[in-house]
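User: I'm new to reading protein structures, and I'd like to understand how the labels are chosen. Could you walk me through some of them?

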Amino acid sequence: MTRRRGRIAFVAAAGTAAALGLSACGGDSSASGGTQLTWWINPDGGGSDPEGGGQVQLAKECTAASDGAYTINFQMLPNSASDQRQQLLRRLASSDEGVDIMSIDPVFVAEFAEAGFLAQVPADMKSEFTEGVVPPAVTNAHWKDTMYAAPFWANTQLLWYRESVAKEAGLDMSEPITWDELIEAAKKVDTEIGVQASRYEGYMVWINALVEGAGEHIVQNPGAPGEELEFGLDTDGGTQAAAVIQKLADAKVGGPALGSTNETTSLDMFQNEKAGFMLNWPYVYAALKGAEVDWMDDLAWARYPRTVQGEESKPPLGGIEMGVNAASDDPKAAWEAVACLTSAESQTTYMLGTGNPAARTEVYDDSEIREQFPMADQIRTSLADSGPRPLTQYYGDVSSGIQRVYSPPGSVDPDTTPQQAESLLHAVLKGDALL
């Protein structure tokens with residue numbers, strides 16, 4: 001296969017609910033010979049261009065590498081993770097044979113597997129999909145001790161900041177900092193912090209990272225039936241997480257429309273110098289370079305802030321897992337194709353082409369990756385230490401319920417909000433309330 005060595009075609013691909021700026025479109029089925037496979041992909045910076053550096057280019061290159069064994073066609077899923085989930089579920093529930101391979105947000109692997117929609121990873125291929133892969137991405141590929149997906153790319157957030165602003169605020173960025181220190185610094189120098197606090201999946205990402213950073217898990221017993229799920233929001237750690245949101249909102253350092261912020265608005269705040277700090281995904285580095293901001297020399301990055309002093313932070317984890325439809329006509333060929341699509345070479349091509357970080361650690365040692373991504377080591381470390389969102393077959397309900405109670409962020413009260421969220425989730429999962 002050949003790599004794309006050109007300009008990174010970046011998008012706000014968070015692996016969560018980022019707006020990707022592309023319309024869903026039909027795929028190409030022009031190739032001939034061997035098994036015909038259809039790969040349902042999420043939109044990325046490569047679009048439908050077979051030379052664009054995205055998933056469509058990988059489909060073309062792996063088709064060629066198969067030497068006629070299979071042809072990978074593609075279909076484009078909608079922009080948001082929620083819409084992607086709905087479309088795939090409708091097709092999988094009808095045993096649609098037009099779905100062979102799927103790009104899936106990691107949080108939906110459990111739900112799809114629990115429903116029997118995903119084929120198990122063949123026993124003789126598990127090591128191929130796990131060796132040298134960041135452990136949290138491997139965890140997300142499993143459900144109830146069975147592997148149902150292959151990590152494709154993995155995403156994490158960094159603390160982006162302007163060195164001059166941090167220096168003026170007196171922050172020592174060579175040492176780990178806490179959210180409290182970050183908020184106080186922003187107040188001191190009258191700047192803002194870009195975060196994602198609109199009522200959408202990105203807000204769930206932030207809440208989960210805060211809870212994980214406080215040593216708790218939003219779902220305490222993954223795999224339990226809905227009525228038996230236990231939550232870690234109304235705990236000391238959950239209270240400390242809610243206190244961070246309250247403090248940032250009360251300090252008014254999240255911008256004038258904190259409850260409407262997403263990845264794009266956060267980047268806008270940072271790019272326009274309204275914010276001296278920002279929590280966001282690695283794609284923003286290419287975005288700022290592409291925008292030719294005149295302060296690139298002032299740009300710096302650090303590990304995600306700590307929720308609690310003295311405890312390591314748990315950076316968010318996003319990305320894409322690759323699954324095979326249990327109803328596929330040729331799952332063997334599909335898994336062989338997945339092996340090519342998730343290889344180190346494919347992930348290197350994809351990271352260079354789209355800016356989306358690889359799940360395989362060896363990719364970060366590639367000379368071109370290190371040149372293109374000077375923060376490569378920080379990304380790899382953050383991925384390894386990340387805190388995945390809850391693994392539960394009820395993830396959609398859990399996320400929607402938490403977003404509802406914690407919105408807007410200015411209403412969050414650590415003394416009441418965590419308990420209210422748990423009460424709502426219990427009621428929803430017992431069928432006593434609707435979202």
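Analyst: Happy to help; what follows is a set of questions about labels in this structure, which is a predicted model.

User: Let's begin with charges. Why is the contact of Arg85 with Glu111 called a salt bridge?

Analyst: The closest N and O atoms of Arg85 and Glu111 are 2.7 Å apart. A salt bridge needs a side-chain nitrogen of Lys or Arg within 4 Å of a carboxyl oxygen of Asp or Glu, so the label fits. The structure holds 18 salt bridges.

User: Which parts of the chain does that pair tie together?

Analyst: Arg85 lies in helix α2 and Glu111 in helix α3, so the pair ties together parts that are 26 residues apart in sequence.

User: Is each partner buried, exposed or partly exposed, and how do you know?

Analyst: Arg85 has 22% relative accessibility. Buried means under 20% and exposed over 50%, so a value in between counts as partly exposed, and that is the label for Arg85. Glu111 has a relative accessible area of 15%, and Glu111 is therefore buried.

User: What makes Arg389 and Glu201 a salt bridge?

Analyst: Their closest N and O atoms are 2.8 Å apart, and the cut-off is 4 Å, so the pair qualifies. This salt bridge links distant parts of the chain: Arg389 is in the loop between α15 and α16, while Glu201 is in helix α8, 188 residues apart.

User: How do you know whether Arg389 and Glu201 are buried or exposed?

Analyst: Arg389 has a relative accessible area of 5%, and Glu201 has 11% relative accessibility. Buried means under 20%, so Arg389 counts as buried and so does Glu201.

User: Which residues do salt bridges that share partners join into one network?

Analyst: That network is made of Asp180, Glu184, Lys187 and Lys247.

User: Now the rings. Why is the pair of Trp153 and Tyr350 called tilted?

Analyst: Their rings are 6.3 Å centre to centre, with 45 degrees between the planes. Centres within 6.5 Å make a pair; planes under 30 degrees apart would be stacked and over 60 edge-to-face, so the rest are tilted. Trp153 is in strand β6 and Tyr350 in helix α13, 197 residues apart. Both residues are buried.

User: What makes the pair of Phe270 and Trp295 edge-to-face?

Analyst: The ring centres of Phe270 and Trp295 are 5.3 Å apart and the planes are at 90 degrees. An angle over 60 counts as edge-to-face, so that is the label. Phe270 lies in helix α10 and Trp295 in the loop between α11 and β10, so the pair ties together parts that are 25 residues apart in sequence. Phe270 and Trp295 are buried.

User: How many aromatic pairs does the structure hold, and which residues do ring pairs link into a cluster?

Analyst: There are 11 aromatic pairs in the structure. Ring pairs link Trp39, Phe152, Trp153 and Tyr350 into a cluster.

User: One more label: why is Asp432 called exposed?

Analyst: Its relative accessible area is 62%, and exposed means over 50%, so the label follows. Asp432 is found in the segment after α17.

User: And what makes the patch of Glu227, Glu228, Glu230 and Asp432 negative?

Analyst: Asp and Glu count as negative, so a patch built from those residue types gets that label. These four residues form the negative surface patch.

Terms used. Residues numbered from 1 in each chain as written. Predicted model: local features only at pLDDT ≥ 70, side-chain atom pairs only at ≥ 80, totals over all residues. Heavy atoms only, no water. Patch = residues over 30% accessible without salt bridge, like charges linked within 9 Å, V, L, I, M, F, W, Y side chains within 5 Å. Areas by Shrake-Rupley, 256 points an atom, 1.4 Å probe, with all protein chains shown as cover. Charge placed at Lys NZ, Arg CZ, Asp CG, Glu CD. Helix = DSSP H or I, 4+ residues; strand = E, 2+ residues; numbered from the N terminus. Buried < 20%, exposed > 50% of the residue type's maximum accessible area, 1.4 Å probe, protein only. Phe/Tyr/Trp six-rings, centres within 6.5 Å; stacked < 30°, edge-to-face > 60°.
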